[in-house]
Amino acid sequence: MFHDLEILHNAEGILLIASVILFFSIFAGKAGYRFGLPALLLFLGVGMLFGSDGLGIQFSNPNIAQFIGMLALSIILFSGGMDTKISEIKPIASQGVLLATVGVLATTFITGGFIYYLSKLATGYETLTLPESLLMAAVMSSTDSASVFSILRSKGVYLKQRLRPTLELESGSNDPMAYMLTLLLIAYIQTAGMNLADAVLSLVVQLLVGAIAGFLLGKLAVFVINKIDIDNESLYPILLLAMAFFTFAATTLCKGNGYLAVCIAGLVVGNAKIIHKKSIGTFFDGFAWLWQIVMFFTLGLLVNPHELLPVALIGLTVGVFMIIFARPVSVFLCLLPYKNFSFKGKLYISWVGLRGAVPIIFATYPLIAGIEHANLIFNVVFFITILSLLIQGTTVTQAAKWLDMIDEPERKDVFGIELPEGIKSAMSEIDITPAVLAHGNKLMELTLPDHTLAVMVMRDGRYFIPKGNTILKENDKLLMISDNDDALLQSYEALGITDYTMKKN
């Protein structure tokens, strides 16, 4: 259909189609959220709808798809790192790293062995060698950060036992291991063998260079953002975006892992004090979503849906095996020494082993390298990704309820005000409760330390600046600023205030 239209032969027509597709993707994602479907699955479906088997957009270039995926992952991992608090991941850092490295390795060998024997037993399919089976498993051995970040955060799921930071740390840092295993196995197949010592050395070098480069370039980004003086505030997010791309490219050219580097650089930037932090964070959140849409749509265009039907049986078998056996075994093995996760907690980590865009992007590497059964690998991986998003992605919240892993939601920052770096004070938000009103219902009747101001009240969705004789009501939210946070906390205790948030500069 589209390939016969004159509209695709000029810039305006292409722009029109692109805008329609973007609108369609966003509204499809909104509709999918209402019915419990992951938005990213809908974006993938939109790409398939507009592709060669649907409305007829012809796209079959894995090189372009891989390049788009590389750009998108750089932004998504950097943005995900910025949103991750070191204080949250520090207690579970070793568990997350083990899942991201040993867990990926275990999943690759368990699934690879199963694929090898399955391809020998199954009739009507090409028989894969052991290296080819391991390659297929390596391509889809990592959990997808884009899927995990978007599903956990968009659904507002609050989990017990630090499960959410564990899952986000694992999904944000396990792509490098899967990426390196994919490249090593491709090289092994192409050269009919590889020295094990060289392979291990290459793995270690990529991890070390990636980690060091990510940390140093993240520190450099913080220094540049804070020291450079740009009159136009809107240019700061663009500057940081350039730093993120530079981090990925420079690290990769230095034989390090660029994906690991941008994730760590984002973590460094997000946990540092930088100017215009809120506007920069808003920019990256929106920009990451845009690239998720572009990435999933492009990958949807790349696949030919009619080619998925012949691999449906083997894809279903391998996909179910990964969900109910390979992933749980690798998770339980990695977390065996740790007691901070209950049996149900480990089951939940096992369940949220979502496959997404990353396995499909990695599946383009065998296509570009000309591996013999690359088309089979790509189609099976694509099928399993859809299966994972359908089965696991739609049950993230429900599985947490079944396993009793739902926690109380965190207190929300209702005022959303950030103090400039130069102001050395503490800002806190408190709830006005009957216990507080027992000391008096006027603001002047609350005993507060010197140099403390009540600067704003939120009541029934309205905001106003209070005076000393302002009558306070139950459920009011009060914004306080003080340069003596210790004295303020003591007065809170005396007033019976237990529910509050505090930010310090």
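**Reading a predicted model with a tutor**

Tutor: S428 stands opposite M480 in strand 4, and M427 has I481 as its bridge partner in that strand. This is a predicted model, in which local features need pLDDT of at least 70 and side-chain atom pairs count only at pLDDT 80 or more, while totals for chains, interfaces and linings use all residues. Residues are numbered from 1 along each chain as its sequence is written, and side-chain values use heavy atoms, with hydrogens and water left out.

Student: What makes strand 1 and strand 4 a pair?

Tutor: Two strands pair if DSSP finds at least two bridges between them. Strand 1 (residues 426–431) and strand 4 (residues 477–482) run antiparallel and are joined by six bridges, so the requirement is met. Strand 2 (residues 452–459) is also joined to strand 4 by six bridges, again antiparallel, and here A454 is the residue opposite M480. The numbering of these elements follows DSSP runs from the N terminus (helices are H or I with at least four residues, strands are E with at least two), and the protein chain has 20 helices and five strands.

Student: How do you know whether strand 1 is mostly covered or open?

Tutor: A residue is buried under 20% relative accessible area, exposed over 50% and partly exposed in between (1.4 Å probe, protein chains only). In strand 1, six of its six residues are buried, and the strand is mostly covered. A426, S428 and I430 point one way, M427, E429 and D431 point the other way, and all are buried. Across the protein chain, buried residues make up 50% of the 505 residues.

Student: Why is Y158 called partly exposed?

Tutor: Y158 has 24% relative accessibility, a value between the two cut-offs, and therefore counts as partly exposed. Y158 lies in the loop between helix 7 (145–154) and helix 8 (163–173), and its C-alpha is 8.4 Å from that of M405, although the two residues are 247 apart in sequence.

Student: What makes Y179 and F362 an aromatic pair, and why is that pair called tilted?

Tutor: Rings of Phe, Tyr and Trp (its six-membered ring) pair if their centres lie within 6.5 Å, and planes under 30 degrees apart count as stacked, over 60 as edge-to-face and the rest as tilted. For Y179 and F362 the centres are 5.8 Å apart and the planes stand at 45°, so the rings pair and the pair is tilted. Y179 is in helix 9 (residues 175–191) and F362 in helix 16 (residues 357–369), so the pair ties together parts that are 183 residues apart in sequence. Both Y179 and F362 are buried. The structure holds 15 aromatic pairs, and ring pairs also link F78, F283, F284, F287 and W291 into a cluster.

Student: How do you know which residues of helix 6 and helix 17 meet?

Tutor: Contact means heavy atoms within 4.5 Å, and E132, L135, M136 and V139 in helix 6 meet L376, I377, V380 and V381 in helix 17. The residues of this contact divide into seven nonpolar, no polar and one charged (Ala, Val, Leu, Ile, Met, Phe, Trp, Tyr, Cys and Pro count as nonpolar, Asp, Glu, Lys and Arg as charged, the others, Gly among them, as polar). The axes of helix 6 (residues 130–139) and helix 17 (residues 374–391) come within 10 Å and cross at roughly 35° (axes are lines fitted to C-alpha atoms over the stretch in contact, with angles from 0 to 180 degrees between N-to-C directions).
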